[in-house]
Amino acid sequence: MGKKSLKDIKDVNEIKELGWDELIPGAALFSFTEPVEDVVEVPMDERPYAPTNSHEWQVGDWRVEKPVYNRDLCIDCQFCWVFCPDMSILSRDKKMIGVIYEHCKGCGICVEVCPTNPKSLLMFPEHLDNNEALKMWPKKEEKEK
Amino acid sequence: MAKKYELNELEVWDGNMAAAQALRQADVDVLAAYPITPSTPIVQNYSKFLADGYVDGDFIMVESEHSAMSGCVAASAAGVRAATATSSQGFALMVEVLYQASGMRLPIVLTVVNRALAAPLNVNGDHSDMYLGRDSGWIQLCSYNPQEAYDLTLMAFKIGEDLNVRLPVMVHQDGFICSHTAQNVYPLQDEEAAKFIGEFKPVNTMLDVANPVTHGVQTEEDWHFEHKARQHNDLMNSFSTIKKVFDEFKDLTGREYDFVYKYKMDDADVAIFALGTTVESARIAADQMREQGIKAGVISLRVFRPFPFNEVAEALKDVKAVATLDRSAPGGTFGALYNEVSAALLAHGKNPVMLNYIYGLGGRDTTIDMLKEVYKELDECAKAGEAKYPLQQFLGLRGPKLAFY
Amino acid sequence: MVKKIKNLKEFSLSNDRFEGANLMCPGCSHNIIVREVLNATNDPVIVATATGCLEVCTAVYPKTSWDVSWIHIGFENAAVAAATVSAAYEVMKRKGKLPPATQKMVDEGREPKIVAFAGDGGTYDIGFQSLSGAFERGHNFMYVCLDNEVYANTGGQRSSSTPIGASTTTSPAGKVSYGEKMMKKSMVEIMADHGAPYVAQVSPSKWKDLVKKVQKGFEVNGPVYINAQSACTTEWKHAPEDTIEVSDLGVDSCVWPLYEIINERDEHGIIYNTKLNITYRPKNKIPVEEYLAAQPRFRHLFKPENRHIIDLWQKAVDTKWEYLQKREEAGV
């Protein structure tokens, strides 16, 4: 039905040029380029994402501030993972690894729910280098008595 | 496994039974429906088939027509054969979802028993509901009697499900005059019908867990136009599949269908262009006019959408005066048939006298004598070479003559 | 098949089937709820979504944020969509015509779970008829209402879920108005009264409670209704980072009590016992005022002339909380 199929396109930018005759009837969209029999067994970064999967796109430019992650302080409680609205906390084998900046919108929930003292995640200006941010990390807060 | 339903070579069915039998033979996987006069017996008959073991699929009696069509959309997107039936207000309630069905390219079959739209409330046949669906992107097939309602319902599945089409199909029949009038029907046996329609071919099924698919997306100004264009293109091109299915059906049954229905049009000077059961009355009127020496013919559409623009013009190319009969309140302009037939003729350089009659609203009887009057008026116009009557007239209306232009 | 989730670390092993770079607002609860629901099971999931924030932000051509099959039809028909997908699945299973990968899952005891997501507009209001019909018919599916108490997608108009005193764009607070005049509709009880085998209210901030309820829901046969609190940073007007805190305030003040209603049915579907369980009891039940104060949609209630609405709120919440406790004690 059409010269090339949306399914055949690998490059996200190529999609934008498609004419009416190249569209999949009914505007169906596909998650993957090939069958994935048991998707829960495949970690996100190993899936054969179609260019029509939002995973391949990014919303990082929505942010004015970004969460920076400090591994040294983290206790891997996974609060940040469970409450992240944007699947942007990368966690493997019960360990927090880092933030997926392509998908993080900078809401700051991960920082709010982080229970360590000082926090293992803090918001910093978007333009600041993460290593610089780590150098600026605050010290432990004394609890008010 | 459903039991085989033993059918006689000749059955006496009304249009509703004919449609219900075709739905049964199509082995519909999900039939979601809501009762409404005059299409109710379709779902009643179907549920009796189910109760007697003749149906394998699911029959869901939903709480509204909106849900009936929504259920068909979801089932079809899930990758199964889905169908329903409705009329009038129920059709109107479905309208939102009719556009979803065609836009998502789901080959649902909807048997429509044509009925007037309120207000004032009316349960009888006219074409208000059929006309309401004409921009919805569905294929619309028209039947005039129970045999045709049966035949076209079987063919609707084969047409809509063809991979080059993948569009929903409505099969229209007139309320009561067709739906409740028992007539002779020559059915196919179950296995013949099943073989003719073929197995349902799922496309992008939601039930395939290995290939997740997203149905019913949002497209804004950067995409919507292309998608609607694609849909229109495929609807326009569905003629070739419709023709192919008509031909295959003729090979199987000997019963012949074409985009345009013609009766004694070869030498006709004057023609009535009507839809639905009126075609059968007009045939009798035409025969009687011919006895009086007036070369009268009848023309109709088998395929209302897509509109067979060229075939209509071709069929009317030598006619001197045409009356288009629109059985729907035109709402401030000419009837749809008048506008579309006029456009087809004009584009082909033909300029017969064109009259528009609004008739039969809310089931008002249209007699042979009335149709003969139309032919007489057409004959006068044909002989004069110009319109001798107002371009739009109301036919069979009480009170002072209502006419415009 | 019930997924074993003992604790949050174990839960974090889940591989999400809902994708990033969707267009939901930063800090949106909807996403958190969807994640928790989908991650509550390893069985295949098929989703139907009503028109609303979730729909317009996760399937805008040419992008989908779903790694499960997904359908949107309209605003008012998510329930019938999910119910009919469920029916289509049952028919294909019976006929032995499921796609091979799906059949394999079924053979492993991992039947697809069919879930509808809809906002409160699509649930309490325009989708109520379809929802009621689908529950009456008893289809096997789960309906999750993402309840942010407002038509957020269209710019914050009141719905029948909007609580009294909330200022929305169609119930604005003004010189002579304290905002929304009606109390919130009791959707959980209404759905339980449909005879559904399992109905529950959840909050995304209490993830374990939510996951447990969703798992229970997936195990019962018949329609399941989950009413999920969905704090809305845009329309409740709290900061995005405060989503979880505001949710907790709702739960700890008992504005959003966490409970479940189980209609126990015999093999004929006859309900022989209804029980209500409160699944979370705040250690210190905080005043409703704290919950209201955290959300600028209620800011005007703190003016002297509107204080009586805060008092009314407290009374309404206390009365409901007492009612729930009485029902729980009585086992009805």
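**Helix α13, a mixed sheet and salt bridges between chains**

In α13(B), the buried residues are B:Leu371, B:Lys372, B:Val374, B:Tyr375, B:Glu377, B:Leu378, B:Asp379, B:Cys381 and B:Ala382. The model is a predicted one, and this helix makes a handy starting point. The cover over the buried residues of α13(B) includes the strands β11 (270-273), β12 (296-301), β14 (321-326), β15 (353-359) and β16 (392-395) of chain B, along with the helix α10 (278-291) of chain B. The length of α13(B) checks out too: helix α13 (residues 368-384) of chain B has 17 residues, which at 1.5 Å a residue should span 24 Å, and its end C-alpha atoms are indeed 24 Å apart. Right after α13(B) comes B:Gly385, with a positive phi near 75°.

Elsewhere in chain B, seven strands make up an open sheet with mixed pairing, in the order β3-β2-β4-β5-β7-β6-β13. At its edges sit β3 and β13 (303-305) of chain B, each paired on one side only. On average, neighbouring strands of this sheet are turned by 20° against each other, ignoring direction. Within the sheet, strand β4 (residues 82-86) and strand β5 (residues 109-114) of chain B run parallel and are joined by four bridges; B:Thr86 stands opposite B:Val112 in β5(B). Lying across β2 (30-33), β4 and β5 of chain B is α3(B), which runs at about 165° to β4(B).

Now for the charged pairs. Over all chains, the structure holds 57 salt bridges. One of them brings together the side chains of C:Glu19 and A:Arg47, at 3.4 Å from N to O. This pair crosses between chains: C:Glu19 is in the loop between α1 (8-11) and α2 (29-39) of chain C, while A:Arg47 is in the loop between β1 (29-30) and β2 (65-69) of chain A. Both C:Glu19 and A:Arg47 are buried.

Another salt bridge links C:Arg137 and B:Glu63, whose closest N and O atoms are 3.0 Å apart. Two chains are joined here, because C:Arg137 belongs to helix α7 (residues 128-137) of chain C and B:Glu63 to the loop between β3 (58-61) and α3 (65-78) of chain B.

Chain C also has a salt bridge between C:Lys285 and C:Asp318, with 2.6 Å between the closest N and O atoms. C:Lys285 lies in the loop between β10 (271-278) and α11 (288-293) of chain C and C:Asp318 in helix α12 (residues 307-330) of chain C, so the pair ties together parts 33 residues apart in sequence. C:Lys285 is partly exposed, at 35% relative accessible area, and C:Asp318 is partly exposed at 25%.

Technical notes
Residues numbered from 1 in each chain as written. Chains lettered and ligands numbered in written order. Predicted model: local features only at pLDDT ≥ 70, side-chain atom pairs only at ≥ 80, totals over all residues. Heavy atoms only, no water. Expected span 1.5 Å × (residues − 1). Buried < 20%, exposed > 50% of the residue type's maximum accessible area, 1.4 Å probe, protein only. Contact = heavy atoms within 4.5 Å. Salt bridge = Lys/Arg side-chain N within 4 Å of Asp/Glu carboxyl O. Pairing = 2+ DSSP bridges. Axes fitted to C-alpha atoms, helices over the stretch in contact; angles between N-to-C directions.
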